[in-house]
Amino acid sequence: MKAYSDLEFLRLNKWQKMLYKLGRFFSSIPKGVAQLFIKLWGLIKNVFLAIGREAKDIVSTFIHGDWKTKVSYLVMGFGCLARGQILRGLLFLLFEIVFIGYMILAGAYWLSMMPSLGKVGPSEVYDEIFDTYVTTYNDNSFKILLYSVLTIFFIIAFIYTWRINIRQNKIAEKILASGKKLKSAKDDLRSVVDDQFHKTLLALPLTGIIVFTVLPIFFMVLVAFTNYDGAHDGYASNLFTWVGLDNFNTMLSWSSAGGTQSYAATFGEILAWTLIWAFFATFTNYFLGMFVAMAINKKGINLKKLWRTILVMTIAIPQFISLLYVSKMFAKDGIVNGFLMGMGWIDKALPFWEDATWARITVIVVNIWIGIPYLMLIATGILMNIPADLYESARIDGANPWQQYTKITLPYMLFITGPYLLTSFTGNMNNFNVIYLLTGGAPTNPAASSASGSVGYTDLLITWLFKITTGAESKYYLASVVGILVFIVVALISLIVYNVLPSIKNEEDFQ
Amino acid sequence: MASVKLTDVKKIYDNKVTAVHDFNLEIADKEFVVFVGPSGCGKSTTLRMIAGLEDISDGTLEIDGEVVNDLQPKDRDIAMVFQNYALYPHMTVYDNIAFSLRLKKVPEDEIYERVTNAAQILGITEYLTRKPRALSGGQRQRVAIGRAMVRNAKVFLMDEPLSNLDAKLRNQMRAEIILLRQKLDTTFIYVTHDQTEAMTLGDRIVIMKDGFIEQVGTPQEVFDTPVNLFVAGFIGSPQMNFLKANLVMGANGYEVEILGVNIPLNESQNEVLTRKEVQSQEVILGVRPEHTTVLFDNAEGAIECTIDVNEMMGSELHLHLSSKNNDKIIVRLPTVDLTQEQRDSLSYGNKLFITFPAKVMHLFDPATEKSLIDA
Amino acid sequence: MSETSMKRHMGLRASRAISNTLIYVLLIAISIIWLIPFFCIVLQSFRVESTWQVGYVIPKQWGFDNYVNLFSTDFPRWYVNTFITAVCTALLQTVIVLCMSYTLSRFRFKMRKPLMRFMLILGMFPGMLTMIILYRVLKDLGLTQANATPGLILVYVASSGMGYYVSKGFFDTIPKSLDEAARVDGATRFQVLKKIILPLSKPIVIYTVLTAFMGPWGDFVFARYISFGASAGMNVAVGLYNWLTPDQINKNYTMFCSGGVLVAVPVTLLFLFLQKYYVEGVTGGAVKG
């Protein structure tokens, strides 16, 4: 694509400019993708280089270190203890003892069971005393998987700590060599609220995130490669085991079984609706919310606070109440149909939730009702920050209100709220509450239903995922596959948008 | 009350940008040192390293003979005044000033004594119960200074303390800092980008550029004998004039040839050049605006110029001139002795002649930008 | 003034009057649309003559029967469960979120950027996925079904560090030179937080407490998963949802309305009372992204 110089570009007319920009954007995509891979490759290379550096440092520390350092390679914290840093040394030593104890008592067993996820399932054994068959439970696939993941995390933490222990020795040797004193236990304790305060502050939140988010996600990603479901719960019914990529094949194959739609077709349909929904849910709210904010903020409008409060009040009311109630208002025998029929405007109840197209439009409209107050608040805050002299100069230059909106307000808003629009879009893709409480996914899509659970026309990927896990069969492995696919879609969208948005480039710009 | 010694101090940021290169400086007890330079020259970074707010990448920093590289700011016994004052908005003026003393668990009676004493010196006694938000810029500045004052710290650091004030207040506060310095009698390190502040306040000036120290000296030294083009241009206002010229060997030693005029150098200049074995070469001639003499008629050894701009400053005129080969020259011309006729002739396009004696000339090597005679 | 310019002036005023009138009409219409569902819910909560859904709004017979009947159900239990969850979550979550956001705003350590990027990526996984395993783990700990309340608090609080964006945005607006001045004045980092930053952070602390408090009142999916059919462990959202399932709706529709009113009123009042802080947080958060 031919590149124009700035001056040449200025000579183009409006449409040419637009075409040119579009052309540049699309022609830059291959390069962007290539750069992404180069970046990824660089990242991987850096990781390996870093590991290499660490390994080299570990070896050289051993070679050049004194005997205290060398013993520390086996007995963690020995160097610290020998050099008088009792507190540090004891902590290291304690960690090592706990780790070794855990590995001997439990970790080794879990790891050894990991490849098979359990060998002996529940069995019926004849009990002579009671003259009946009694079920005995043996291996537990779920626990095996969970604890082996935990053990792996623990091993990583141990290696990391071991590495710190070695670096400590190196630093201590250096400090002693330069004739200075090592930090005492008192210094260590003091640094917990001072120069190392960030570690103290992060300890609790990060532990929570690792245990309750990272670990479960890691676990669930692994589940996608097993046959864990209601019939194979790993303990009471049957053991579950590794199945490789089978679940991905099932999900992404087009062959349909038993006369119903294939999983891939169902997934494609739901994904398409999810994206359509996210698009409309985000942008209808965005523009209408901005419009309402501008109406309230217009000069000469009184009672600004009242209008705002009325809208804000609806944010406070828990969504399940308003959504459930509104869903019943639009029901066949609900208030809306009752009102319309009572006025004689319609003869027959409108199929708000019964017809696919009606239902899809209704959820978008109800979502506007939910979302506008929130967007109104955000837009108000930003509108107030637009410098008034921009408008004054535009008015002196002869811009009418519409031109002021398209040339000043909108570009400003879009620039500031770019990142927000992105999170709002991905948030809407995963907007479980609105869909589930309003329609529960209904009306049912008969072609897709037997794929898994009962899939409806308003189901998003996230509600589908929920249905899969709660259905009679509880195909957890399939839910996990869907979850991974959702992640990939969200990550792709974010990646593209992040590289286009101007306001994301530098976090410090705002500081 | 302490000396400060920086040895090979370096600041390298994560992205491999070096902000300060091998900074070496010894600051004596009770000395007032000013770091001056354009923005981004590393002066604030150096100050913040002394304060402990930035890590020192390499080298050692000693305060009172003790290496303090790894000490937290609170353990270095320093006081600091920030550019934007950094007053705690939720505390009254009294609490702001007392904050550091309370952290040190000084008895309340003594805190009262010291805070009111400082407030008296700074003339802010009547504002002690106000919050910073209710104060004017100058008052906030005083509170910030007061907060640093009560510490009786070893070293007093000031990071562009006057740059947020308007011109008039700035002059006033500058005078007050000089007074304060006499009262406190401690070591001061002061950072500014304003050469006037540097000249008026400092015992010694450290001129920095791009992370390097260009010159260290008393105000008089850096004004009279700038070691390079940058220092010569940075110190003094209006800026020193730079003209293309040639250094040639004349009958009685070195001469500077400019626009057909040959100006013989004086004895000491000759001596330096001879010692350095400088050959005839192109040079950059530097002359300060206040060191030129303006003639209305041509004379032996005068350079002909055309007037571009005539700025009336009251007691003097700043004339912007162009020489024949288009060098730009600024000269200062006191108005008191001018006749009306002469004043009228000083308008755009008219001719004028300037001369300057050898002793006010600075010569720089165009390649190295170093001074040929001032070092 | 010439005649044409007189006309132009009149025109400006007239057109402004027209556009303002239009906006008033619009705002009134919006207010009605936004408030109608809540009017209806309140009105129907007082309906005595029938308990199922009807096509009219104004009750034929008024009374407090629905409210009284609530107390013979598990509703009080659900209410207490939700209240306990909300209070505990509000307290603990605030501590965690503030620790996280303050650290990420104020400290420059090597892992800061990777950490933030990692949490961004983590947030792209549908959180619901983790429910399956969390349910099994909590079940082993005995924190599900009837004992769901502590389990739910644990789940809400544990991962709340990832929601640091809004308060980090707030902390970023407090000048760093305040921290630096305090550190030079002899404060440890902990003292800086306690004596300088926290007193200046009242708006964001209130915002965090408020949102953390309101969250549990509306959460449906986690609460339902973890209480798993045990009425004693449900929160109001799950409990009331079950009253609207097809087999219960005819018996409990009006009671749902009265329950909804009882839930909404205190939360809404609290919210309106602290509205200012919420608005600050929301607008600040959106600008920061």
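Trainee: What makes the confidence in chain C easy to sum up: what pLDDT does chain C average?

Mentor: The average is 85, and 94% of the residues of chain C score at least 70. Set that against the scale: pLDDT is the predictor's confidence in each residue, from 0 to 100. This is a predicted model, in which local features need pLDDT of at least 70, side-chain atom pairs count only at pLDDT 80 or more, and totals for chains, interfaces and linings use all residues. Residues are numbered from 1 along each chain as its sequence is written, while chains are lettered from A and ligands numbered from 1 in the order in which they are written.

Trainee: Where in chain C is confidence lowest, and where is it highest?

Mentor: Helix 14 (residues 275–288) of chain C is lowest, with a mean of 74, and helix 3 (residues 75–106) of chain C is highest, at 92. These count as helices because they are DSSP runs (H or I, at least four residues; strands are E, at least two), numbered from the N terminus. Where pLDDT is low, don't read the predicted coordinates in detail.

Trainee: How do you know which residues of chain A are in contact with chain C, and how many are there?

Mentor: Two residues are in contact if their C-beta atoms, placed from the backbone, lie within 7 Å. By that test, 80 residues of chain A touch 68 residues of chain C. Helix 8 (residues 197–223) of chain A gives the largest share of chain A's side, 17 residues.

Trainee: What is that side of chain A like by class?

Mentor: There are 56 nonpolar, 20 polar and four charged residues. Ala, Val, Leu, Ile, Met, Phe, Trp, Tyr, Cys and Pro count as nonpolar, Asp, Glu, Lys and Arg as charged, and the others, Gly among them, as polar.

Trainee: On to chain B. Why are strand 6 and strand 10 of chain B called edge strands?

Mentor: Two strands pair if DSSP finds at least two bridges between them. Chain B has an open sheet of six strands with mixed pairing, in the order 6-7-8-3-9-10. Strand 6 (78–81) and strand 10 (212–217) of chain B each pair on one side only, so they are the edges.

Trainee: And what makes strand 7 and strand 8 of chain B a pair?

Mentor: Five bridges join strand 7 (residues 155–159) to strand 8 (residues 187–192) of chain B, so the requirement for pairing is met. The two strands run parallel, and B:Asp159 stands opposite B:Val191 in strand 8 of chain B.
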